[in-house]
Amino acid sequence: METKNLIYFLPGPIFMLIGLVINMVSFSTAHWSKDKVCNVGLWKMCLGLSPLDTDRNCFHFSGRSHLPLMTFACSSLFTVGLSLLILAVAWSILSLFQSKKKARLWTQKAGTMCLISVVFNLFALCLYAGSFDSISYDMIPKWSALYDMELSWSFTIGCVGTCLSLIGSTTSIYMALKYGTNLHLTTNVSRVPSLHIHPPPSSRLSSPPRFESPRVSSPLPFSTKKYSSQGTYPKRNITPVHIS
């Protein structure tokens, strides 16, 4: 695509790419919730012996026999949303190197896919925010529910990344519908040749016939002269009629 047309579709992929990076950091870190002796993520939990203990032992949920149902539901939803976001970012970046028509269609599809991923991520965030303080980790060694859990920075940046992905998806869809359609139509209209329609020779009117001799107007009905081909008008003998 030309550089001038590339600018219209560039903001959406930039926002989606930033949101993808932030969501990947949020997804991979174990700081979605915490208390004084532990911090928990979607995949692992880190425990310390006391609030002053900075050297904490981490346990991956995939290696334990018990996985909390809410944690599994949130991690599954966020995994689906993150996978769709990766595809949307890849699709939107590839659309920048296509023709105008394909770039508009690919950008619109990438924005729609990113919007679907935002729905999955928001559902996971809302579900975790409503149930994080009631999740039980009884199968984790040395864990106790003596302290109150609270949300941590991994959850916060997950919300920020989802908001940026939402901005990127709506921007891509808007730019594809507005600027992409105008550019495509303008290019096609300029290339359409103007047509000059002429009637076929059979339907054209023929010119009126021309006579060698000039036309002579006929005499009036009550004229006393009669028309002749030589142009003279002799007198007419009219016999009076008497009506009794």
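This is a short walk through the structure shown above, taking in its sheet, its disulfide, its aromatic rings and a patch on its surface. Keep in mind as you look that this is a predicted model.

Let's start with the sheet. General background helps here: the strands of a sheet pair through backbone hydrogen bonds, and they may do so in a parallel or an antiparallel way. In this model you can find an open sheet of 5 strands, and its pairing is antiparallel. Going across the sheet, the order of the strands is S4-S3-S2-S1-S5. What happens at the edges of the sheet? S4 and strand S5 (150–151) stand there, and each has a single partner strand, so one side of each is left without a neighbour in the sheet.

Now move to S3 and S4. These two strands run antiparallel and are joined by 4 bridges. Look for cysteine 46, whose bridge partner in S4 is cysteine 58. The two cysteines are also linked through their side chains: a disulfide joins cysteine 46 to cysteine 58, with an S to S distance of 2.0 Å. Cysteine 46 lies in strand S3 (residues 44–47) and cysteine 58 in strand S4 (residues 57–60), so the disulfide ties together parts that are 12 residues apart in sequence. The torsion about the S-S bond is about 95 degrees, and the disulfide is therefore right-handed. A search of the whole structure finds 1 disulfide.

Are the two linked cysteines buried or exposed? Cysteine 46 has a relative accessible area of 7%, so it counts as buried, the cut-off being under 20%. Cysteine 58, at 38% relative accessibility, is partly exposed. Other cysteines are worth a glance too. Cysteine 114 is buried, with a relative accessible area of 0%. Cysteine 126, by contrast, is exposed, at 55%. Cysteine 126 takes part in no disulfide, and the nearest cysteine sulfur, which belongs to cysteine 159, is 8.0 Å away.

Next come the aromatic rings. The structure holds 7 aromatic pairs. One of them is formed by tryptophan 32 and tyrosine 128, which meet edge-to-face, with 5.3 Å from centre to centre and 75 degrees between the planes. This pair links distant parts of the chain, as its two residues are 96 residues apart. Tryptophan 32 sits in the loop between helix H2 (11–28) and strand S1 (33–34), while tyrosine 128 belongs to helix H4. Both residues are hidden from the surroundings: tryptophan 32 is buried at 0% relative accessibility, and tyrosine 128 is buried with a value of 0% as well. If you follow the ring pairs further, they link Phe27, Trp32, Trp43, Phe78, Tyr128, Phe132 and Phe155 into a cluster.

Helix H4 (residues 100–131) also holds lysine 101. Lysine 101 is partly exposed, with a relative accessible area of 46%. How far apart in space are lysine 101 and alanine 176? They are 75 residues apart in sequence, yet their C-alpha atoms are 9.8 Å apart.

Finally, turn to the surface. There, Leu17, Val21, Val25, Ile93, Phe97 and Trp153 form a nonpolar patch, with about 560 Å² of accessible area together. The largest share of the patch, 3 residues, comes from H2. Tryptophan 153 has its place in helix H5 (residues 153–191), and at 40% relative accessibility tryptophan 153 counts as partly exposed.

Conventions. Residues are numbered from 1 along each chain as its sequence is written. This is a predicted model: local features need pLDDT of at least 70, side-chain atom pairs count only at pLDDT 80 or more; totals for chains, interfaces and linings use all residues. Side-chain values use heavy atoms; hydrogens and water are left out. A disulfide is a pair of cysteine sulfur atoms within 2.5 Å. Buried means under 20% relative accessible area, exposed over 50%, partly exposed in between (1.4 Å probe, protein chains only). Rings of Phe, Tyr and Trp (its six-membered ring) pair if their centres lie within 6.5 Å; planes under 30 degrees apart count as stacked, over 60 as edge-to-face and the rest as tilted. Two strands pair if DSSP finds at least two bridges between them. Patches are made of residues with over 30% relative accessible area and no salt bridge: like charges are joined within 9 Å, nonpolar side chains (Val, Leu, Ile, Met, Phe, Trp, Tyr) within 5 Å. Accessible areas come from the Shrake-Rupley method with a 1.4 Å probe; for residues, only the protein chains shown count as cover. A salt bridge is a side-chain nitrogen of Lys or Arg within 4 Å of a carboxyl oxygen of Asp or Glu.
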